[in-house]
Amino acid sequence: MSEWSEYKTLLHSLQEDILVTNTDGMIVKVSEATGKVYDVHADELLGRSVYDLEKEGLFTPLATPMVMESQERVTFVQTVADGKKLLVTGLPVFDDEGELVRVVSYSHDVTELMEIKAGMEEMTIEMVRVRDELNRLKQEKEETFIGKSEEMRKVLATANQVAGVDANVLLLGESGVGKTELARRIHEKSGRACGPFIEVNCGAIPDALFEAELFGYEGGSFTGATKGGKKGFAELAHNGTMFLDEIGELSLQNQVKVLKLIQKKSFYPVGGRKEIQSDFRLISATNKELDQAVDHKEFREDLYFRLNVVPITIPPLRERKDDITPLIYTFLDHFAARYKRKRVLSREVMHDLNTYEWRGNVRELINLLERLVVTSPNPVIYPADLPEGYRKKVDAYSNMNNFDESLAETLDRVEKERLERAKEKFRTTTKMAEALGISQPTVVRKLKKHRIK
C-alpha cells in the first residue's frame with residue numbers, strides 16, 4: 001500500500017468529519033464522515049470550492065476565510081442545509097517557511113445542545129415572568145390590608161404574631177372585609193408557606209357532596225364518581241393550610257365530620273378502607289356570630305371552641321375611615337395601570353366615597369374603583385360618573401347632614417332603610433324583630449307602612 005493510500009485509509013477510518021482546503025478554498029481532503037454530516041457523498045466534495053458550496057446553501061459560515069484572516073485556530077457555530085448546527089473548529093497548517101498552505105476543519109453536531117440552550121433560555125425568561133407575577137400578586141394581597149387605621153394595625157399585628165405557630169385561627173367580620181386575603185397572608189408568613197393553601201367554601205358545597213369533597217372518594221364508590229377516584233381537600237392540604245371559609249353555613253351533620261378531622265388529622269375517603277393522615281394548619285372564617293349560633297343550637301359548641309383558639313375580628317370599612325383614602329389611591333393607581341387609563345377622583349367624589357357607609361366593605365370599594373376607571377370617559381372622575389345606585393345612596397347619606405328635610409322625614413327614611421336591610425339579611429319577621437330590638441307584630445306593621453314586600 002502506498003503512503004498516500006495509507007493516509008487516505010486512515011483519514012476515512014476516523015469517525016470525526018475532517019475537511020481540508022487550500023488557501024483558495026478548494027477542498028483537497030475529506031473524510032467519509034464529512035459527507036454524512038452534510039448529507040452528500042464525500043467524494044462529491046473533493047475539488048469543490050467552499051465558497052461555491054456556501055452559495056448553494058450547503059453550509060455557512062466558512063472556516064477557511066476565518067483562519068486565513070486570523071492565522072490561528074477559530075471555533076464557531078455553522079448551520080448546514082437541513083438546519084443542523086455544527087460546532088466547527090478550523091486549524092491553520094503552515095509550511096517550513098511559515099506560510100499558510102492548508103486549513104483543516106472538523107466539527108461536532110450540537111443541534112440538540114443548541115435546542116436545549118434555547119429551551120433553557122425560554123425557561124429562564126418564563127421563570128422570571130412567573131416570579132415577577134408572583135411578586136405582583138403578593139404585593140396586591142398586601143395592599144388589600146392597608147393598615148393606616150389603628151384598628152387594622154392591631155389586626156395585622158395579631159395575624160403576624162399568630163402566623164409563626166400552628167394554632168387554629170378563626171377570622172370574623174362582615175362580607176368583603178378581606179378574610180380570605182388575611183388567611184392567605186397568615187399562610188404566606190408561616191412555616192408552611194411552601195405548602196399548599198387549600199380554600200374550601202363551605203357555603204358553596206351542597207350538604208350531600210360535602211363529605212366527598214372534603215375527604216375525597218374511591219373510584220366507583222357512588223353513582224357519578226370519577227372512575228379513578230378523587231383526592232379531597234383534606235388530603236390536598238397536607239403540609240400546608242386548609243382555609244374553611246363560611247364555616248358558619250355548615251349543617252350540623254357536616255360539622256361533626258369537620259370536628260373529627262380537626263381532632264384526629266386523619267380520615268377515610270368515601271368508599272375507602274385505608275385511613276389517610278394529613279398534617280395541615282387550620283384557618284376558618286365566617287361573617288356569622290357563631291357564639292349566638294351556638295346559643296340557638298345551630299352550631300356545635302365543641303367545634304366552636306376548636307375553631308376559636310385565636311379569634312381575629314376584621315372591622316368593617318365604615319369603622320376604619322382612615323383606611324378609605326389610602327385604599328382609594330392604591331387601587332385607583334392599580335386599575336389605571338392595568339387598563340392603561342390614567343384617572344383621578346375629583347374632590348367631590350373623594351368626599352362622597354369617604355363618607356359612604358360601604359356595606360360591601362373593601363370588596364365593594366375595589367369593585368367600584370375598577371368600574372369607574374373602566375367606564376369614566378374623562379381623566380377626572382366627577383359625581384356624575386358614579387353609578388346611579390351609588391349617587392342615590394350618597395345623596396341619602398348627605399341628606400343626613402343637611403336640613404332640607406324635617407326630623408320626622410329623616411327618621412321615616414332611616415326606618416325604611418333599616419327595615420329593607422333587615423329583610424335582605426333575615427328570612428323571617430321573627431329574626432328581623434330580634435335583630436331590630438322590636439316585637440314581631442311591630443315589624444309586620446312597619447313593613448306594611450313602608451310597603452316593603
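This is a chat about a predicted model of one protein chain.

User: Hi! How many helices and strands are there in the protein chain?

Analyst: Hello! The protein chain has 20 helices and 17 strands. Keep in mind that this is a predicted model.

User: Sure. What share of the residues count as buried?

Analyst: Of its 453 residues, 40% count as buried.

User: And what part of the contacts comes from residues 24 or more positions apart?

Analyst: Taking the contacts with a separation of 6 or more, 60% of them are between residues 24 or more positions apart.

User: Let's talk rings. How many aromatic pairs does a search of the whole structure find?

Analyst: The search finds 7 aromatic pairs. One of them is Phe197 with Phe243, which is stacked, with 5.9 Å from centre to centre and 25° between the planes.

User: Which parts does that pair tie together?

Analyst: Phe197 is in strand 8 (residues 197–201) and Phe243 is in strand 11 (residues 241–245), so the pair links parts that are 46 residues apart in sequence.

User: Are Phe197 and Phe243 buried or exposed?

Analyst: Both Phe197 and Phe243 are buried.

User: What about Tyr304 and Phe305, how do their rings sit?

Analyst: Their ring centres are 5.6 Å apart and the planes are at 50°, so this pair counts as tilted. The two residues also differ in burial: Tyr304 is buried, at 15% relative accessibility, while Phe305 is exposed, at 53%.

User: Which residues do ring pairs link into a cluster?

Analyst: That would be Phe331, Phe335 and Tyr339.

User: Nice. Switching to helix packing: how do helix 14 and helix 15 cross?

Analyst: The axes of helix 14 (residues 324–339) and helix 15 (residues 347–355) come within 10 Å and cross at roughly 125°. That angle makes helix 14 oblique to helix 15. The crossing of helix 14 past helix 15 is right-handed.

User: Which residues meet there?

Analyst: From helix 14 there are Ile324, Thr325, Ile328 and Tyr329, and they meet Met350, Leu353 and Asn354 of helix 15.

User: And helix 9 with helix 11, at what angle do they pack?

Analyst: Helix 9 (residues 207–215) packs against helix 11 at an angle of about 15°, with the axes 10 Å apart. Helix 9 and helix 11 are therefore roughly parallel to each other, and helix 9 passes helix 11 in a left-handed crossing. On the helix 9 side, the contact is made by Asp207, Phe210, Glu211, Leu214 and Phe215, and on the helix 11 side by Asn254, Lys257, Val258 and Leu261.

User: What comes right after helix 11 (252–264)?

Analyst: Lys265 is in the loop between helix 11 (252–264) and strand 12 (266–267). Lys265 has a positive phi of about 55° although it is not a glycine.

User: Why look at that phi at all?

Analyst: Because most residues other than glycine have a negative phi.

User: Which ring does Lys265 lie over?

Analyst: Lys265 lies over the face of Phe280, at 4.7 Å from the ring centre. With 26% relative accessibility, Lys265 counts as partly exposed.

User: What's the phi of Asn239?

Analyst: Asn239 has a positive phi of about 70°, and it is not a glycine either. Asn239 is located in the loop between helix 10 (233–236) and strand 11. Its relative accessible area is 41%, so Asn239 is partly exposed.

User: Which residues does a cis peptide bond join?

Analyst: Thr60 and Pro61 are joined by a cis peptide bond, with omega about -5°. Pro61 belongs to the loop between strand 3 (59–60) and helix 5 (63–70).

User: A couple of single residues to finish. Where is Ser190?

Analyst: Ser190 is in the loop between helix 8 (179–188) and strand 8. At 10% relative accessibility, Ser190 is buried. Leaving out residues up to four places away in sequence, Ser190 touches Ala163 and Arg281.

User: And where does Thr111 lie?

Analyst: Thr111 lies in helix 6 (residues 111–144) and is buried, with 15% relative accessibility. Not counting neighbours within four places in sequence, Thr111 is in contact with Lys84 and Lys85. The C-alpha atoms of Thr111 and Leu86 are separated by 6.8 Å, although these residues are 25 residues apart along the chain.

User: Great, thanks!

Terms used:
Residues are numbered from 1 along each chain as its sequence is written. This is a predicted model: local features need pLDDT of at least 70, side-chain atom pairs count only at pLDDT 80 or more; totals for chains, interfaces and linings use all residues. Side-chain values use heavy atoms; hydrogens and water are left out. Rings of Phe, Tyr and Trp (its six-membered ring) pair if their centres lie within 6.5 Å; planes under 30 degrees apart count as stacked, over 60 as edge-to-face and the rest as tilted. Helices (H or I, at least four residues) and strands (E, at least two) are DSSP runs, numbered from the N terminus. Buried means under 20% relative accessible area, exposed over 50%, partly exposed in between (1.4 Å probe, protein chains only). A charge sits over a ring if NZ of Lys or CZ of Arg is within 6 Å of the ring centre and within 35 degrees of the ring normal. Axes are lines fitted to C-alpha atoms, for helices over the stretch in contact, and angles run from 0 to 180 degrees between N-to-C directions. Angles under 35 degrees count as roughly parallel, over 145 as roughly antiparallel, 65 to 115 as roughly perpendicular and the rest as oblique. A crossing is left-handed if the near helix is turned anticlockwise from the far one by less than a right angle, and right-handed if clockwise. Contact means heavy atoms within 4.5 Å.
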